Amino acid sequence: MTLYRDDLSRIQAEAFGEYADRLMPRVLGLLGAGDAKTRVLDIGCGAGISTRRLLDHGFSVVALEPSQTLINHARELAPEATFLCSSVWDGVLPACHAALAIGEPLTYHARDVDAGARLRGLLEYFRSALPPGGKFIFDFIEADGAPLDAKRFRTEREWVLLVDTVEDRAAHRLTRTIDTFTHVDALELDVWRRERELHEVVLFARGDVAKWLDAAGFEASLTDADPALPRRVLVSATRR
Ligand SMILES: C[S@@+](CC[C@H](N)C(=O)[O-])C[C@H]1O[C@@H](n2cnc3c(N)ncnc32)[C@H](O)[C@@H]1O
């Protein structure tokens, strides 16, 4: 799955940034007072909205993001952060005192991947990598609840976005088909470029995630993340 190529990356913050904007005050409250000696790992930092907020709160930030184009945008917004172009599932993660993963970056998985095993592995990793009292804050979309099938569009002067979300309830998965039309400056011609991305998202049962957190040695609260986004769960986990 190649995610967030050029055109979707360019419009990511404007089209989808509201969620991180709304959630970050709550996340910062959970993380507590920031200081430059506390390094937060911002997993799936996207266009850098959360990264900017973490820096403004006083934290040092290492931001991890598999899309180089998104990193280029995030770096403009948050130049003081250190950026790593990598998936959270590849290789060694940098040392940190706390970790954040919002906008469901832990839930993009191809169909042949055991997503639960990956998440359990990451929790095991943070059990040893975080200091006692260290926080791991992340979100996911839960498997139960009102259907999530939806068609959404948005038109702006320079871009058009079409998102078709289809839920496979039996498989606990969402497929988002995202078409972008981006205006291209080509002499006097009115040219629009179309790009399509398929995002495969795994849905987890809230009870399963709570069990995995407990087994991995975390004290955790799981609450609704955002009244505007049904079935989105925010996890605040503290290493025992
Ligand atoms: C919906 S966007 C959210 C971006 C940003 N966190 C926000 O809330 O605005 C999902 C992000 O997760 C990232 N992502 C997806 N799979 C990832 C992985 N395996 N490791 C790290 N980030 C990943 C995507 O590249 C994208 O930036």
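**Exercise 1. Where is the place of Arg-231?** Then describe its backbone and its exposure.

*Solution.* This is a predicted model. Step one: locate the residue. Arg-231 sits in the loop between β10 (218-224) and β11 (232-239). Step two: check the backbone. Phi of Arg-231 is near 70°, a positive value in a residue other than glycine. Most residues other than glycine have a negative phi. Step three: check exposure. The relative accessible area of Arg-231 is 8%. The cut-off for buried is under 20%. Arg-231 is therefore buried.

**Exercise 2. Treat Glu-104 in the way just shown.**

*Solution.* Start with the place. Glu-104 belongs to the loop between β4 (98-101) and α5 (115-129). Next, the backbone. Phi of Glu-104 is near 50°, a positive value, and the residue is not glycine. Last, the surface. With a relative accessible area of 4%, Glu-104 is buried.

**Exercise 3. Describe the chain as a whole.**

*Solution.* Begin with secondary structure. The chain has six helices and 11 strands. Now test how compact it is. The radius of gyration is 18 Å, close to the 18 Å that the globule rule gives for 240 residues, so the chain is as compact as a globular protein of that length. Then take the dimensions. Along its principal axes the C-alpha trace spans about 60 × 45 × 35 Å.

Move on to burial. Of the 240 residues, 49% count as buried. The accessible surface comes to about 11,400 Å². Carbon and sulfur atoms hold 53% of that surface.

Look at contacts next. Take those with a separation of 6 or more: 63% of them join residues 24 or more positions apart.

Finish with charge. The chain carries 30 positive and 37 negative charges. Their mean positions are 4 Å apart.

**Exercise 4. Find the aromatic pairs and classify two of them.**

*Solution.* First, the count. A search of the whole structure finds five aromatic pairs. One of them joins Phe-136 and Phe-138. Their centres are 4.8 Å apart, with 35° between the planes, and the pair is tilted. Both Phe-136 and Phe-138 are buried.

Now the second pair. The ring centres of Phe-140 and Phe-204 are 6.2 Å apart and the planes stand at 80°, so this pair is edge-to-face. Phe-140 lies in strand β5 (residues 135-141) and Phe-204 in the loop between β9 (189-202) and α6 (206-215), so the pair ties together parts that are 64 residues apart in sequence. Phe-140 and Phe-204 are buried too.

Last, look for a cluster. Ring pairs link Tyr-125, Phe-126, Phe-136 and Phe-138.

**Exercise 5. Which residues is Ser-50 in contact with, leaving aside its neighbours within four places in sequence?**

*Solution.* Place the residue first. Ser-50 lies in helix α3 (residues 49-56). Then its exposure. Relative accessibility is 4%, so Ser-50 counts as buried. Now list the contacts beyond four places in sequence. They are Met-24, Asp-42, Cys-45, Leu-100 and Ile-102.

**Exercise 6. Place Thr-38 and trace its surroundings.**

*Solution.* Thr-38 is in the loop between α2 (18-31) and β1 (39-43). Set aside its neighbours within four places in sequence. Thr-38 is then in contact with Phe-59, Ser-60 and His-97. Now compare sequence with space for Thr-38 and Pro-105. These two are 67 residues apart in sequence. In space they are 22 Å apart, C-alpha to C-alpha.

Conventions:
Residues are numbered from 1 along each chain as its sequence is written. This is a predicted model: local features need pLDDT of at least 70, side-chain atom pairs count only at pLDDT 80 or more; totals for chains, interfaces and linings use all residues. Side-chain values use heavy atoms; hydrogens and water are left out. Helices (H or I, at least four residues) and strands (E, at least two) are DSSP runs, numbered from the N terminus. The radius of gyration is taken over C-alpha atoms; the globule rule is 2.2 Å times the number of residues to the power 0.38. Buried means under 20% relative accessible area, exposed over 50%, partly exposed in between (1.4 Å probe, protein chains only). Contact means heavy atoms within 4.5 Å. Accessible areas come from the Shrake-Rupley method with a 1.4 Å probe; for residues, only the protein chains shown count as cover. Lys and Arg count as positive and Asp and Glu as negative; His and the chain ends are not counted. The place of a charge is taken as NZ of Lys, CZ of Arg, CG of Asp or CD of Glu. Rings of Phe, Tyr and Trp (its six-membered ring) pair if their centres lie within 6.5 Å; planes under 30 degrees apart count as stacked, over 60 as edge-to-face and the rest as tilted.
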